[in-house]
Amino acid sequence: RATDDLVEKYGADTLRCYEMFLGPLEQHKPWDTQGITGVQGFLKKLWKLFIVDGEIKTTNETPSKEEYKTLHKTIKKVTEDIENFSFNTSVSTFMIAVNELGAKKCTSKIILEPLLILIAPYAPHIAEELWQYLGHKESITTAKFPEFDASHLIESTKAYPISFNGKTRF
């Protein structure tokens, strides 16, 4: 009954993500719903990456290097977390990614669609609804899981001159 009340008040995806966010599956955790509003806020931010005032806001714009970096570090971390059953850290990673992409005002489908596929196992109802808003006819569950591309995480390099006794040597 208490779970039904939480689903009624916050939604099934919020409860699902919150339960995963509490900590490793094998650890005992005291049941406390204090933090559930934080997870609900995260899912609202996710929604706002795609839809504002009932209008879809995604575009076909080319993403920035920073947006690619955010996506691929998220893909890398979530893939590792799934393999290790560390779902709590995946939820944290999603929160960070959504905050970063929101701060960058990301609207690129090239970034947001793979992010949505990553989140689908954690928040399946919201992911499926947003997937349909994006114009997909088939379920998000049939979409190919995104693959990590390390080239997006390479930091810029700079060449610095090295000089000895006032003469450039390297």
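**Close-up views of a predicted model**

**View 1. The end of helix 7 and its buried face.** Helix 7 is followed by glycine 135, whose phi is positive, near 100°; helices (H or I, at least four residues) and strands (E, at least two) are DSSP runs, numbered from the N terminus. This is a predicted model, in which local features need pLDDT of at least 70 and side-chain atom pairs count only at pLDDT 80 or more, while totals for chains, interfaces and linings use all residues. Residues are numbered from 1 along each chain as its sequence is written, and side-chain values use heavy atoms, with hydrogens and water left out. Within helix 7 (residues 124-133), the buried residues are Ile126, Ala127, Leu130 and Trp131, where buried means under 20% relative accessible area, exposed over 50%, and partly exposed in between (1.4 Å probe, protein chains only). Seen down the axis of helix 7, these buried residues fall within an arc of 135°, so they line one face of the helix; the arc is that of the directions from the helix axis to the C-beta atoms. Their cover includes helix 2 (12-21), helix 3 (36-50), strand 1 (51-52) and helix 6 (109-119).

**View 2. Aspartate 13, a buried residue without a salt bridge.** Aspartate 13 is found in helix 2, and the nearest side chain of opposite charge, arginine 16, is 5.4 Å away. Lys and Arg count here as positive and Asp and Glu as negative, whereas His and the chain ends are not counted; a salt bridge is a side-chain nitrogen of Lys or Arg within 4 Å of a carboxyl oxygen of Asp or Glu. Leaving aside its neighbours within four places in sequence, aspartate 13 is in contact with Leu43, Tyr122, Ala123, Pro124, His125 and Ile126, contact meaning heavy atoms within 4.5 Å.

**View 3. Two salt bridges in helix 4.** A search of the whole structure finds 4 salt bridges. The side chains of glutamate 80 and lysine 76 meet in one of them, at 2.8 Å, N to O, and these two residues, being 4 residues apart in helix 4 (residues 65-83), are separated by about one helical turn. Glutamate 80 is partly exposed at 33% relative accessibility, and lysine 76 is partly exposed with a relative accessible area of 33%. Aspartate 81 and lysine 77 also meet through their side chains in a salt bridge (2.8 Å, N to O), and they too lie 4 residues apart in helix 4. Here aspartate 81 is buried, with a relative accessible area of 4%, whereas lysine 77 is partly exposed, at 30%.

**View 4. The salt bridge of lysine 144 and glutamate 147.** The side chains of lysine 144 and glutamate 147 meet at 2.5 Å, N to O. Lysine 144 counts as exposed at 59% relative accessibility, and glutamate 147 counts as exposed at 56%.

**View 5. Strand 3 and a nonpolar surface patch.** Phenylalanine 164 lies in strand 3 (residues 163-164) and is partly exposed, with a relative accessible area of 46%. Together with Ile162 and Phe170, Phe164 makes a nonpolar surface patch of about 350 Å². Patches are made of residues with over 30% relative accessible area and no salt bridge, like charges being joined within 9 Å and nonpolar side chains (Val, Leu, Ile, Met, Phe, Trp, Tyr) within 5 Å; accessible areas come from the Shrake-Rupley method with a 1.4 Å probe, and for residues only the protein chains shown count as cover. Serine 163, also found in strand 3, is in contact with Thr168 and Arg169, leaving aside its neighbours within four places in sequence.
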